[in-house]
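User: I should like to learn how to read the features of a protein model. Could you guide me through them, giving the general idea before each case?

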Amino acid sequence: FPDIVMKKDNKVMVFDAKYKRMKYYKGLGDGARGDLDRSDFFQIHTYISYYKNSGYEVLAGGLLYPMETT
């Protein structure tokens, strides 16, 4: 289940929080994702698809990662 779902009438926004330490480094080469996990993208895509197929208008969806300042 997604961590955050905001609904109003037939509209919905879906977000999934990821509780893992990110180094935010860039990958090398074309299409490289660095430390982003491919399975996270599939997971949020599945959540968004579920709501679309259930008749909701999905306004936004995404992954939320922790941020640390130094």
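Analyst: The dialogue below goes from the overall fold to single residues. Please keep in mind that this is a predicted model.

User: Let us begin with the fold. How many helices and strands does the chain have, and which pattern does the chain follow?

Analyst: One first lists the elements and then reads them in sequence order. Here the chain has 1 helix and 3 strands. Along the sequence they give the pattern β-β-α-β.

User: How are the strands joined, and which run parallel or antiparallel?

Analyst: One looks at the bridges between two strands and at their relative direction. Strand 1, residues 4-8, is joined to strand 2 by 5 bridges, and these two run antiparallel. Strand 2 is also joined to strand 3, residues 57-64, by 7 bridges, and this pair runs parallel.

User: Which residues face each other across these pairs?

Analyst: Between strands 1 and 2, Ile-4 stands opposite Phe-15, and Lys-7 has Val-12 as its bridge partner in strand 2. Towards strand 3, Lys-11 has Glu-57 as its bridge partner.

User: What lies between strand 1 and strand 2?

Analyst: The two strands form a hairpin, with 2 residues between them. In that turn, Asp-9 has a positive phi of about 55°.

User: How should I read burial, and what share of the chain is buried?

Analyst: Burial is judged from relative accessible area, and a residue counts as buried under 20%. Of the 70 residues in this chain, 24% count as buried. Strand 2, residues 11-17, is mostly covered, with 5 of its 7 residues buried. The chain as a whole exposes about 5700 Å², of which carbon and sulfur atoms supply 54%.

User: Is Asp-16 buried or exposed, and which residues does Asp-16 touch?

Analyst: Asp-16 is found in strand 2. Its relative accessibility is 3%, so Asp-16 counts as buried. Leaving aside residues up to four places away in sequence, Asp-16 touches Phe-1, Pro-2, Asp-3, Gln-43, Ile-44, Tyr-47, Gly-62, Leu-63 and Leu-64. The side chain of Asp-16 is also joined to that of Lys-18 by a polar contact of 2.7 Å.

User: Which residues make up the largest nonpolar core?

Analyst: For a core, one asks which residues belong to the set and then which elements supply them. The largest nonpolar core has 8 residues: Val-12, Val-14, Ile-44, Tyr-47, Ile-48, Tyr-51, Val-58 and Leu-63. Strand 2, helix 1 (38-53) and strand 3 each supply at least two of them. Helix 1 gives the largest share of this core, 4 residues.

User: How does one describe a pair of aromatic rings, and how many aromatic pairs are there?

Analyst: Such a pair is described by the distance of the ring centres and the angle of the planes. The count here comes to 2 aromatic pairs. In one, the ring centres of Tyr-50 and Tyr-51 are 5.2 Å apart; their planes stand at 80°, over the 60 degrees required, so the pair is edge-to-face. In the other, Tyr-51 and Tyr-56 have ring centres 5.6 Å apart and planes at 70°, so this pair is edge-to-face as well. Tyr-50, Tyr-51 and Tyr-56 form one aromatic cluster.

User: Are these three tyrosines buried, exposed or partly exposed?

Analyst: Tyr-50 counts as exposed, at 52% relative accessibility. Tyr-51 counts as buried, at 11%, and Tyr-56 is partly exposed, with a relative accessible area of 24%. Beyond residues up to four places away in sequence, Tyr-51 touches Pro-2, Val-5, Lys-7, Val-12, Val-14, Tyr-56 and Val-58.

User: What share of contacts joins residues at least 24 apart in sequence?

Analyst: Here one compares separation along the sequence with contact in space. Among contacts between residues at least 6 apart in sequence, 58% join residues at least 24 apart. A separate case of distance along the chain concerns Tyr-19, in the loop between strand 2 and helix 1. Its C-alpha atom is 8.7 Å from that of Leu-64, although the two residues are 45 apart along the chain. Tyr-19 counts as exposed, at 72% relative accessibility.

Key: Residues numbered from 1 in each chain as written. Heavy atoms only, no water. Phe/Tyr/Trp six-rings, centres within 6.5 Å; stacked < 30°, edge-to-face > 60°. Buried < 20%, exposed > 50% of the residue type's maximum accessible area, 1.4 Å probe, protein only. Contact = heavy atoms within 4.5 Å. Areas by Shrake-Rupley, 256 points an atom, 1.4 Å probe, with all protein chains shown as cover. Pairing = 2+ DSSP bridges. Polar contact = N/O pair within 3.5 Å; in protein donor to acceptor, adjacent residues only side chain to side chain. Core = buried A, V, L, I, M, F, W, Y, C linked by side-chain atoms within 4.5 Å.
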